[in-house]
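Morning, everyone. Please bring the model up on your screens, and I'll walk through it.

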2 protein chains.
Amino acid sequence: MATVSRVLNNTGPASANMRKRVLTAVEELDFQFSEVGRSLQSNTTRTIGCVVPSIANPVYADAVQGAQDVFLRAGYQTLLICTNYNTEIETQAIRTLIAKKVDGLVLTVSDPQTSEALAFIESRQVPHCLLYNMAPANHTSWSVHDHAAATRVADAFSEYGHVQTGFLALKFLSSDRARQRYEGFVAGCARHGMPKPALLEIDDNDDNLTKMLDKFLKDNPAITGIFASNDFRALAVIRSARELALDVPGDLSIIGFDGIKVGQIVEPSLATIVTNPTQLGGGAGKTVLSMINGTATPEMPDPDETFSFRTGGSLSRPVAESNDGGKVAAFPPSKI
Amino acid sequence: MATVSRVLNNTGPASANMRKRVLTAVEELDFQFSEVGRSLQSNTTRTIGCVVPSIANPVYADAVQGAQDVFLRAGYQTLLICTNYNTEIETQAIRTLIAKKVDGLVLTVSDPQTSEALAFIESRQVPHCLLYNMAPANHTSWSVHDHAAATRVADAFSEYGHVQTGFLALKFLSSDRARQRYEGFVAGCARHGMPKPALLEIDDNDDNLTKMLDKFLKDNPAITGIFASNDFRALAVIRSARELALDVPGDLSIIGFDGIKVGQIVEPSLATIVTNPTQLGGGAGKTVLSMINGTATPEMPDPDETFSFRTGGSLSRPVAESNDGGKVAAFPPSKI
DNA sequence: TAATTTCTTGGAAACGTTTCCACGAAGGGA
DNA sequence: TCCCTTCGTGGAAACGTTTCCAAGAAATTA
């Protein structure tokens with residue numbers, strides 16, 4: 001048995017004869033080591049836990065894929081758990097993953113400040129890296145600098161001559177990410193001397209988005225641009241605007257967030273903040289691996305490089321102020 | 001030690017006093033069983049392997065999510081591997097998963113007929129269920145009945161008065177799924193007395209789709225409708241058509257496949273085959289669990305219920321044949 | 001009170017590895 | 001030829017559980 005271990009792992013000596021004997025036996029029995037026994041002995045599982053809210057959201061899906069690729073290349077496998085934005089599942093998931101002795105964790109928690117899961121991880125000293133969260137002290141996180149990105153959106157609206165804008169998000173700005181975006185956007189607007197953006201909060205089922213948008217625009221008639229908290233909602237707003245017989249971008253300009261691929265395929269194309277989920281997921285993955293192996297941690301991108309602004313057909317100067325035709329207005333002013 | 005095991009697992013007797021002693025010790029030491037030791041002893045890991053090409057594709061992402069939800073509810077966790085359509089990784093992944101002693105497997109392989117991975121699984125007798133594959137003998141699979149669905153697309157084109165159509169797919173119809181769709185579409189067209197659809201094969205990077213589409217339509221001037229092998233490609237075709245100054249659906253009708261959400265948000269909305277990846281993933285998950293527990297296998301949906309056709313603004317009667325305005329033509333004939 | 005049963009507890013083996021260590025067989029030098 | 005070194009091999013312990021079994025304590029019965 002000891003000999004077999006040595007031969008198959010190429011550790012320690014073995015005569016040529018013995019080597020052959022072992023190998024033929026392995027062949028014959030179709031033998032394969034049990035990783036469970038191995039893990040017990042080595043106290044390592046070559047498995048990384050990955051916890052995200054939902055991979056139905058392409059942002060997380062891409063991030064998970066990015067991390068998973070990194071892990072696979074390094075010989076690690078990925079134990080995936082989707083919490084469906086449920087804190088209990090989140091906590092439970094972490095407990096189980098740690099009981100399963102994962103070598104590390106990549107995770108997006110609902111609220112890093114209060115997360116039981118995160119506290120538990122700390123107490124167990126498991127190598128880990130956050131993803132899409134604001135890192136509390138003593139944690140590292142790969143995420144989009146939401147605040148700065150949202151400020152950039154305000155810049156864009158300002159450059160195109162918009163004054164009164166709106167911000168569309170899920171009710172109660174439920175995630176810390178949404179809050180960051182809202183605050184960044186507010187700050188950006190303030191910096192340009194624009195009035196504070198009006199807040200349009202919606203439910204997740206956007207059945208009545210058109211009605212809500214209608215009311216919102218009637219309540220805030222000066223609004224010429226809306227920043228939606230993600231691209232899907234931005235596209236939904238465009239559709240609703242269409243139903244209200246509003247011209248996008250002439251009557252209403254829309255900017256999204258995330259930079260999903262379809263945004264460039266549709267008409268009008270979507271002006272948006274482009275992010276790189278795969279890169280973030282991969283980065284978080286590499287960070288965890290570096291913690292495990294004690295190697296140098298990969299350098300994180302500059303916060304301001306975690307996103308970029310991409311203009312598109314959904315953004316133009318407001319018609320009322322524009323002195324050229326709608327078609328031309330779809331192009332950015334030369335300065336940009 | 002034996003006592004601790006009994007107390008914590010509520011198996012076997014323990015005096016009230018002892019019970020308390022154990023529990024306080026557990027509390028004090030923050031003790032938690034190692035699942036590794038447990039697995040070694042019980043020969044079970046409460047882990048299911050899940051192998052798909054890529055979760056960047058929302059179809060697989062949703063399917064994985066569906067399976068994962070089922071597993072989580074049943075107390076199982078999911079070891080996810082994305083193969084990036086690479087057969088070597090596929091084979092390697094399966095080997096490792098089996099070495100890790102997963103209790104079962106849900107997987108999409110590139111070609112079930114020749115898959116080494118699948119053969120390996122069979123030889124090891126691991127409970128498993130295919131997903132989005134045509135099941136070879138002795139295997140079960142949850143998948144869309146691609147052939148029938150594609151036939152349905154031909155029906156739709158026929159109902160709307162189209163005669164010459166085209167089929168757009170990746171080069172060489174690389175997956176068995178794409179082949180099934182092509183064949184089903186061809187069969188459907190034949191049944192309606194329509195000529196055989198022309199085949200437009202593209203690369204994955206659709207930079208030059210517009211050019212290829214242009215040439216394709218010039219080579220086949222009678223074409224009035226295109227069936228794209230998935231929704232993203234359908235949307236891309238719509239964009240390219242727009243660039244070629246073609247009216248969709250007037251000059252060219254488009255039907256997609258998958259039924260992704262954005263299809264309903266964009267303008268024109270996308271006529272497509274709607275599938276339910278979450279349901280399929282969940283079904284495959286339940287099937288594996290039933291194999292593990294020896295319970296009754298869940299009933300699979302009728303093949304013809306694995307999809308439905310949803311019409312949309314991208315499909316109408318061809319203008320040349322239409323005797324009413326384009327707007328009205330966007331609605332289905334009353335018969336449907 | 002003694003004998004018998006029931007209840008509680010801890011020892012030991014087993015699961016499948018790896019690693020340390022000791023033992024025996026070669027081989028080389030004197 | 002004998003001793004010493006080197007090499008190859010297998011025994012044993014350890015990793016953390018669970019489960020079987022035996023032993024002792026307590027409770028019941030005669």
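Let's start where the two protein chains meet. Chain B puts 39 residues in contact with 39 residues of chain A. On the chain B side, six elements each supply at least two residues: α3, α4 (58-73), β2 (77-82), α5 (87-99), α10 (231-243) and α11 (262-265). Which of them gives the most? That is α4(B), with 7 residues. By class, this side of chain B has 19 nonpolar, 12 polar and 8 charged residues. One caution before we go on: this is a predicted model.

Now the strands across that interface. β2 of chain A, residues 77-82, pairs with β2(B). The sense is antiparallel, over 3 bridges. To find the spot, look for A:L80, which stands opposite B:T78 in β2(B).

Zoom out from there. How many strands form the open sheet? There are 10, and the pairing is mixed. Read the order with me: β5(A)-β4(A)-β3(A)-β1(A)-β2(A)-β2(B)-β1(B)-β3(B)-β4(B)-β5(B). At the edges stand β5 (141-142) of chain A and β5 (141-142) of chain B. Each has a single partner strand, so one side of each is left without a neighbour in the sheet. Within chain A, β3 (104-107) and β4 (128-131) pair in the parallel sense, again over 3 bridges. There, A:L107 has A:L130 as its bridge partner in β4(A).

Next, the DNA. Take strand D. It is surrounded by 24 residues, and the closest are A:P13, A:M18, B:A2, B:S5 and B:G37. Both chains take part. Chain A supplies at least two residues from each of α1 (2-9), α2 (16-29) and α3 (35-42), and chain B does so from each of α1 (2-9) and α3 (35-42). The largest share is 5 residues, from α3(B). By class, that surface has 10 nonpolar, 12 polar and 2 charged residues.

Over to strand C. Here 24 residues lie around the DNA, and A:A2, A:S5, A:G37, B:P13 and B:M18 come nearest. Two or more residues come from each of α1 and α3 of chain A, and from each of α1, α2 and α3 of chain B. What gives the most to this surface? It is α3(A), with 5 residues. The classes divide into 10 nonpolar, 12 polar and 2 charged.

Stay on α2 of chain B for a moment. Does its length add up, and how covered is it? Helix α2(B) covers residues 16-29, which is 14 residues. At 1.5 Å a residue they should span 20 Å, and the end C-alpha atoms are 20 Å apart, which agrees. The helix is hardly covered: its count of buried residues is 0. After α2(B) comes B:D30, with a positive phi near 55 degrees.

Last stop, β8 of chain B, residues 223-228. Is it buried or exposed? Of its 6 residues, 6 are buried, so the strand is largely enclosed by the rest of the structure. β6(B), residues 164-170, runs parallel to β8(B) and is joined to it by 5 bridges. In that pair, B:G166 stands opposite B:I226. β9(B), residues 253-258, is also parallel to β8(B), with 3 bridges. There, B:F227 stands opposite B:I255. Finally, the connection: β8(B), α10(B) and β9(B) make a right-handed β-α-β unit. Note that α10(B) also appeared in our list for the side touching chain A.

That's the tour. Thanks.

Technical notes: Residues are numbered from 1 along each chain as its sequence is written. Chains are lettered from A and ligands numbered from 1 in the order in which they are written. This is a predicted model: local features need pLDDT of at least 70, side-chain atom pairs count only at pLDDT 80 or more; totals for chains, interfaces and linings use all residues. A residue is near a molecule or strand if its C-beta atom, placed from the backbone, lies within 6 Å of it. Helices (H or I, at least four residues) and strands (E, at least two) are DSSP runs, numbered from the N terminus. Ala, Val, Leu, Ile, Met, Phe, Trp, Tyr, Cys and Pro count as nonpolar, Asp, Glu, Lys and Arg as charged, and the others, Gly among them, as polar. Two residues are in contact if their C-beta atoms, placed from the backbone, lie within 7 Å. Two strands pair if DSSP finds at least two bridges between them. The expected span of a helix is 1.5 Å times one less than its number of residues. A residue is buried if 20 or more other C-beta atoms lie within 10 Å of its own, exposed if 12 or fewer, and partly exposed in between; C-beta atoms are placed from the backbone. A crossover is right-handed if, with the strands pointing away from the viewer, the path from the first strand over the helix to the second runs clockwise.
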